[in-house]
Amino acid sequence: MFERFTKDARSAVVDAQLVAREAHSDQIDTRHVLVALAETPGPARTALSDGGVDVAALVAQARGKIEAGDALDADALAAVGIDLDEVTRRTEATFGKGALTRAGRVLRGRRKHIPFTADAKKSLELALREAIRLGSKEINGGHLLLGMTRAESPARSILSDAGADLERVRQLAEGAGEAA
């Protein structure tokens, strides 16, 4: 399937992995792909912008949700008797400021490939179906955006929360998909 991806779609998939690495995520989900699409010049970003979405605010919101979702839950740890602040304080006293963050980067850095979540895989499959439906021989970023808006996903929720008119964005993305 990836051989049918246009340059912007390939770039978005590669950049989604970078977004996941930056956030220290163990998997790539549709939020990571949405950030990459919104930051990559191409049909998806154009559809978002022309659809009235503040792309910079959308990226900030998505990155915030990624960070919040991937952070250790201090309340959950406290429920099992672990005080995250105390663990952090003692670790930094012994190994220096930022020791836990550095350790996480080293451990995650050993991993060359970050797997896609089921929702991200489904969105890629739906992108292919959208391209076929529109009669396109290639899959571009607009098709990826269509795939993410077609089914429930974290990216679709972020778009809705950002006030995106999903039907309008889909129409614009379809136009971009047909032009490809």
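How are α3 and α9 oriented to each other? Points 1 and 2 take this up.

1. This is a predicted model. Start with helix α3, which covers residues 43-50, and helix α9, which covers residues 141-150. Their axes come within 6 Å. They cross at roughly 60°. An angle of 65 to 115 degrees would count as roughly perpendicular, and one under 35 degrees as roughly parallel. α3 and α9 are therefore oblique to each other.

2. Now look at the residues where these two helices touch. From α3 come Pro43, Ala44, Ala47 and Leu48. They meet Gly141, Gly142 and Leu145 of α9. By class, five residues of this contact are nonpolar and two are polar. None is charged. Glycine counts as polar here.

3. A second helix pair is α2 and α10, the latter being residues 154-161. The axes of α2 and α10 come within 7 Å and cross at roughly 55°. That makes α2 oblique to α10.

4. Which residues of α2 meet α10? They are Thr30, Arg31 and Leu34. On the α10 side, the partners are Pro154, Ala155, Ile158 and Leu159. This contact has five nonpolar residues, one polar and one charged. Find Arg31 in the α2 list: arginine belongs to the charged class.

5. Next, the interior space. How many cavities of 30 Å³ or more does a search of the whole structure find? The search finds one. The largest cavity has a volume of about 40 Å³.

6. Seven names make a useful checklist for the viewer: Thr30, Val33, Ala120, Ser123, Leu124, Leu144 and Met148 line the largest cavity. The elements giving two or more residues to this lining are α2 (30-39), α8 (118-133) and α9. α8 gives the most, with three residues. Five of the lining residues are nonpolar, two are polar and none is charged.

7. Some parts recur across these points. Thr30 lines the largest cavity, and Thr30 also meets α10 as part of the α2 contact. Helix α9 gives residues to the cavity lining, and α9 also meets α3 through Gly141, Gly142 and Leu145.

8. Last, check one backbone detail. His24 is not a glycine, yet it has a positive phi of about 60°. Where is His24? His24 sits in the loop between α1 (7-22) and α2. Is His24 buried, exposed or partly exposed? Its relative accessible area is 24%, so His24 is partly exposed. The cut-off for buried is under 20%.

Conventions: Residues are numbered from 1 along each chain as its sequence is written. This is a predicted model: local features need pLDDT of at least 70, side-chain atom pairs count only at pLDDT 80 or more; totals for chains, interfaces and linings use all residues. Side-chain values use heavy atoms; hydrogens and water are left out. Axes are lines fitted to C-alpha atoms, for helices over the stretch in contact, and angles run from 0 to 180 degrees between N-to-C directions. Helices (H or I, at least four residues) and strands (E, at least two) are DSSP runs, numbered from the N terminus. Angles under 35 degrees count as roughly parallel, over 145 as roughly antiparallel, 65 to 115 as roughly perpendicular and the rest as oblique. Contact means heavy atoms within 4.5 Å. On a 1 Å grid over the protein atoms alone, a cavity is a set of points where a 1.4 Å probe fits but cannot get out, and a pocket is an open set with protein on both sides within 12 Å along at least five of seven lines; lining residues have an atom within 4 Å of a point. Grid points are joined across faces, edges and corners, and a volume is the space filled by probe spheres set on the points. Buried means under 20% relative accessible area, exposed over 50%, partly exposed in between (1.4 Å probe, protein chains only).
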